[in-house]
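Here's a protein chain to walk through together. Take a look at the sequence and the fold, and we'll go from one surface spot to the overall picture and then back inside.

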Amino acid sequence: MARDEHEKFEIQFHSKSEKRRSTSCLLTNITPEALTIECNGLTNLQSSWVGKDVDCYFQVKKSSTGNTFFMFTTPIAGIRGYTDGTSVLTLKTPNKLEQRQKRASLRISPPSQYIMGLAVWSAPDNISAKGTLDIRQWGRPVLTYLPEKNYQITLDNISAGGIKVRIPRTEVRNCNLDFSIGDKLFLLLDMWDPDTGQRVRYWLLCRVQNPFIDFVTHDAELGMQFLYLAQPDARNAAELRWNEEPIGSGLDSIGNWVMRRHLELYREKGI
């Protein structure tokens with residue numbers, strides 16, 4: 001059905017790092033042994049890709065039940081490139097399909113006990129996420145959340161690719177943010193991981209995607225996309241060293257955390 005309706009397929013190349021390269025494709029042929037997909041925008045085709053696994057996500061649209069999402073993992077069996085920029089990948093027909101969405105699209109409203117802290121700073125539009133950056137130059141955060149202490153901002157939901165936060169109207173007036181699409185913000189996020197029994201900290205550069213002011217409460221809602229991830233420098237904890245690769249479709253570690261919390265909520269409450 002997905003082939004006949006020309007649904008978009010997204011393949012994701014496996015990587016040892018947080019970054020997973022992905023590209024959109026079109027399924028053109030199916031046999032018991034292989035799938036043929038056409039892709040645009042793939043560069044640096046390499047014969048070494050043959051035999052490596054890719055994850056493939058797609059959906060089937062049904063008017064009665066809505067969209068159903070599927071994914072599968074399978075190795076690349078062959079690669080061909082054409083002068084018009086089209087690439088054709090032959091994939092081994094997968095043994096099974098899983099009915100689930102891409103992790104970057106899965107979002108949850110996490111239980112409050114799992115959010116240990118949140119802080120936001122305004123970032124310059126021309127910020128360069130390269131090399132190191134001295135945290136001490138940021139000044140005090142414009143918005144913070146500390147459990148049982150400070151509620152200038154709260155986390156509404158989170159996914160591998162970004163978060164949505166809510167800001168009370170009193171803080172909207174005081175924080176001096178424009179709430180414009182494209183604004184850059186620094187974000188410090190502390191989460192509790194019950195699987196390891198440890199706090200996990202993320203330093204992120206984000207882009208405001210979906211600002212919204214509630215006309216009744218005048219609270220603000222901000223959807224933010226994760227752009228770059230940073231780590232404290234090993235020699236100077238006051239400096240952040242930015243990862244050179246942009247986050248792209250999402251952070252695997254946050255996606256895994258979201259998936260596990262989603263399964264917990266499903267088992268406990270059936271949601």
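Does Val-216 count as buried or exposed, and why? Val-216 counts as exposed, because its relative accessibility is 69%, and the bar for "exposed" is over 50%. Keep in mind that what you're looking at is a predicted model. To find Val-216, go to the loop that runs between strand E14 (198–213) and strand E15 (220–232). Val-216 has company out there: together with Phe-212 and Phe-215, Val-216 forms a nonpolar patch on the surface. Taken together, Phe-212, Phe-215 and Val-216 offer about 390 Å² of accessible area.

Now zoom out to the whole chain. You can count 16 strands in the chain, along with two helices. The C-alpha trace covers about 60 × 45 × 40 Å along its principal axes. Of the 271 residues in the chain, 44% are buried. As for how the chain folds back on itself, take the contacts with a separation of 6 or more: 60% of them are between residues 24 or more positions apart.

The outside of the chain is worth a look too. Its accessible surface adds up to about 15,300 Å², and carbon and sulfur atoms account for 47% of that. The chain also carries 34 positive and 31 negative charges, and the mean positions of the two sets sit 2 Å apart.

Next, head inside to Ile-163, which you'll find in strand E12 (residues 162–167). Ile-163 counts as buried because its relative accessibility is just 2%, with the cut-off for "buried" being under 20%. What does Ile-163 touch, once residues up to four places away in sequence are set aside? The list includes Leu-155, Asn-157 and Ile-158, then Leu-187, and also Leu-222, Gly-223, Met-224 and Phe-226. Leu-222 falls within the span of strand E15 (220–232), one of the two strands on either side of the loop that holds Val-216.

Finally, here are two pairs to look at for sequence distance and distance in space. Ile-163 and Glu-239 are 76 residues apart in sequence, and their C-alpha atoms are 24 Å apart. Ala-34, in strand E3 (residues 34–40), is 57 residues along the chain from Leu-91, with a C-alpha separation of 5.5 Å. Apart from its neighbours within four places in sequence, Ala-34 makes contact with Leu-91 itself, and with Asn-29, Thr-90, Lys-92 and Thr-93 as well.

Terms used
Residues numbered from 1 in each chain as written. Predicted model: local features only at pLDDT ≥ 70, side-chain atom pairs only at ≥ 80, totals over all residues. Heavy atoms only, no water. Helix = DSSP H or I, 4+ residues; strand = E, 2+ residues; numbered from the N terminus. Buried < 20%, exposed > 50% of the residue type's maximum accessible area, 1.4 Å probe, protein only. Contact = heavy atoms within 4.5 Å. Areas by Shrake-Rupley, 256 points an atom, 1.4 Å probe, with all protein chains shown as cover. Lys, Arg positive; Asp, Glu negative; His and termini not counted. Charge placed at Lys NZ, Arg CZ, Asp CG, Glu CD. Patch = residues over 30% accessible without salt bridge, like charges linked within 9 Å, V, L, I, M, F, W, Y side chains within 5 Å. Salt bridge = Lys/Arg side-chain N within 4 Å of Asp/Glu carboxyl O.
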